[in-house]
Amino acid sequence: MVGNIGLPLGRLTRRRTSVPGAALPDFGLPRLGRRRHVVASRVVTVLAALLVLFGLLAPDDLSSFSAAALVRVPVEGLVIGAFLLVLPPRPRRVAAVLAGLGLGLLTLVKALDTGFYATLEKPFDPIYDWSFFNAGVEFLAGQIGDAATIAALIGAGLLAVAVLVLMVLAMLRLSRVAAGRRTAATRVVAVLTVVWIVSSVFGVELAPGQPVAAQSAAALAYGDLRQVGADLRDQRPFGEVAADDAFRTTPGAQLLNGLRGKNVVLTFVESYGRIALDDPVIGAKIGLTLDAGTAELRAAGIGAKSAFLSSSTFGGGSWLAHSTVQSGMWTDNQQRYNDLLASDRLTLGGAFQRAGWRTVWDVPAHTKDWPEGQKFYHPDAYYDARSIGYHGPGYAYATMPDQFSLSMLQRKELANAAKQPVMAEVDLVSSHAPWSPRPWLVDWNQVGDGSIFNPQPAAGEAPESVWKDPEKIREAYRDATDYSLKTVISFVKQYGDENTVLVFLGDHQPPVVTPQGAVHDVPITIVAKDPKVLDRIAGWGWQDGLHPGAQAPVWKMDSFRDRFLNAFAR
């Protein structure tokens, strides 16, 4: 009896504790909680899958972003999925973590590529392009201030860490779900593998350039590894080429005799690219300024010839273009630039110095010491933002207006060049992004220490306002470049004489404004009152005036040094 009675009582007790006690007092809330948990779990899994797919499929160029790009079948995902399915639990977790870290790093590289394509028309180079970050930080600080820049950098760092952490968690989540439903997961991988193979064989595309059978992540990783190898191999040959110089031992008496007694000013106009002439809206205003300037200078007996140079950089990296012109070496990345500055390559400034000129560097964008540059160029005088004597306002990125830079050069150097002619490099910065607020011309005799410019920045539009509207950005670039060119033309009219030779050119196409795929051409012009100077380059085929047309010659930027030295050698 005891045994017979005990069994039903035990069953009855279990029923009462599991059914009435769980259901009636809380009105079914545990069941609702379980349902919510299941829904939340599925949502997390879906989000993890979407994050991994985004990391695998997202292009590294904004122009390639589309819905079609994100709904393809990535072969890398199939390989990772198949690999994780055959591993035992512990190795599977390790592999998922490593795959997540790798995919997170790949996503960060894609983000860098996107930014570099948008501004510099090139992907991020993992060996050479770190120098652009310092320039970018300085640019950002000029727009939003040091405190906001620090906050932005901290935010960017936290976001990068979050991408890595979330990608690892996503891979762990998916690997755990797949292992729990191994049969279903295996079938999904098998079906998608067949879809990938068939799509690859027949070239199926969801949209032009968007094949269903995607392998972009592997291609990007492979391309970056190849680029690293090419960069490392490039270092030694570049150094050897830099040492091979036809003018390396040329005596000063055999250099630049066609310019004896002339003051030569090599002027870089920031972001003055071919887009400033070819774009219908921007070029309409810039073209009028150049044509009017040509007529005004011609009336004053001053001639000019113009063409184009294909720049070694695009959208930024002005120092690469400057060094390419100066050295006659194709300097298109930071490592080449560093190698060049460590060499004894003869520059244009060095050639003038060897031939008896006083060499001057007027670089208002420099706000810090530049010992490696001064050692390489070894100018007789060096003026940066701290030593130029400017006591006026700043203009966003630009430390001072172009008019002050040229006025200072005239007062401190060119006006006192009776005994020794001057060769100067001047880097103008008023046409540097963000292009607002910008200065306007004042009477040259009133420039003084620059305090006359104090009211100007407040009269302009703030960068953050301009950069909300793409049309305003284009207009700001147009007007800032127009100011810089008018300043150069006005300077020549005001101070140019028989012994003045001005070479002015752009350094690169402007960022943001220039469409992707555009040429790297920048205008270049030589201005002189002495007709014998321009006669020396008559064989170059350059066009008369300040405004090079569509048929003007295009030279590689690194060819200018040798052609210039040869033209004026005797």
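What follows is a chat about why certain labels are used for this predicted model.

Modeller: Quick ground rules: this is a predicted model, where local features need pLDDT of at least 70, side-chain atom pairs count only at pLDDT 80 or more, and totals for chains, interfaces and linings use all residues. Numbering starts from 1 along each chain as its sequence is written, and side-chain values use heavy atoms, with hydrogens and water left out.

Colleague: What makes Asp 530 and Lys 262 a salt bridge?

Modeller: The rule asks for a side-chain nitrogen of Lys or Arg within 4 Å of a carboxyl oxygen of Asp or Glu. Here the N to O distance is 2.7 Å, so the pair fits that rule. The two partners are 268 residues apart, with Asp 530 in the loop between β11 (521-528) and α20 (531-535) and Lys 262 in the loop between α9 (216-243) and β5 (263-269). By this rule the count comes to 21 salt bridges.

Colleague: Why is Asp 384 called buried or exposed, whichever it is?

Modeller: Buried means under 20% relative accessible area, exposed over 50%, and partly exposed in between (1.4 Å probe, protein chains only). Asp 384 has 3%, so it's buried. Its salt-bridge partner is Arg 386, with the closest N and O atoms 2.8 Å apart. Arg 386 has 49% relative accessibility, so it counts as partly exposed.

Colleague: And how do you know which label Lys 285 gets?

Modeller: Lys 285 has 30% relative accessibility, so that one is partly exposed. The side chain of Lys 285 meets Asp 479 in a salt bridge (2.8 Å, N to O). Lys 285 sits in helix α11 (residues 280-299) and Asp 479 in helix α19 (residues 470-495), so the bridge ties together parts 194 residues apart in sequence. Asp 479 comes in at 14%, and therefore counts as buried.

Colleague: What makes Leu 47 exposed?

Modeller: Leu 47 has 52% relative accessibility, so it gets the exposed label. You'll find Leu 47 in helix α3 (residues 29-57). Leu 47 also belongs to a nonpolar surface patch with Val 39, Val 43, Val 46, Leu 50 and Leu 53, about 510 Å² of accessible area together.

Colleague: Why is α12 called oblique to α13?

Modeller: Helix α12 (residues 318-327) and helix α13 (residues 334-341) pack at about 45°, with axes 10 Å apart. That angle makes α12 oblique to α13, because under 35 degrees counts as roughly parallel, over 145 as roughly antiparallel, 65 to 115 as roughly perpendicular, and the rest as oblique.

Conventions. Patches are made of residues with over 30% relative accessible area and no salt bridge: like charges are joined within 9 Å, nonpolar side chains (Val, Leu, Ile, Met, Phe, Trp, Tyr) within 5 Å. Accessible areas come from the Shrake-Rupley method with a 1.4 Å probe; for residues, only the protein chains shown count as cover. Helices (H or I, at least four residues) and strands (E, at least two) are DSSP runs, numbered from the N terminus. Axes are lines fitted to C-alpha atoms, for helices over the stretch in contact, and angles run from 0 to 180 degrees between N-to-C directions.
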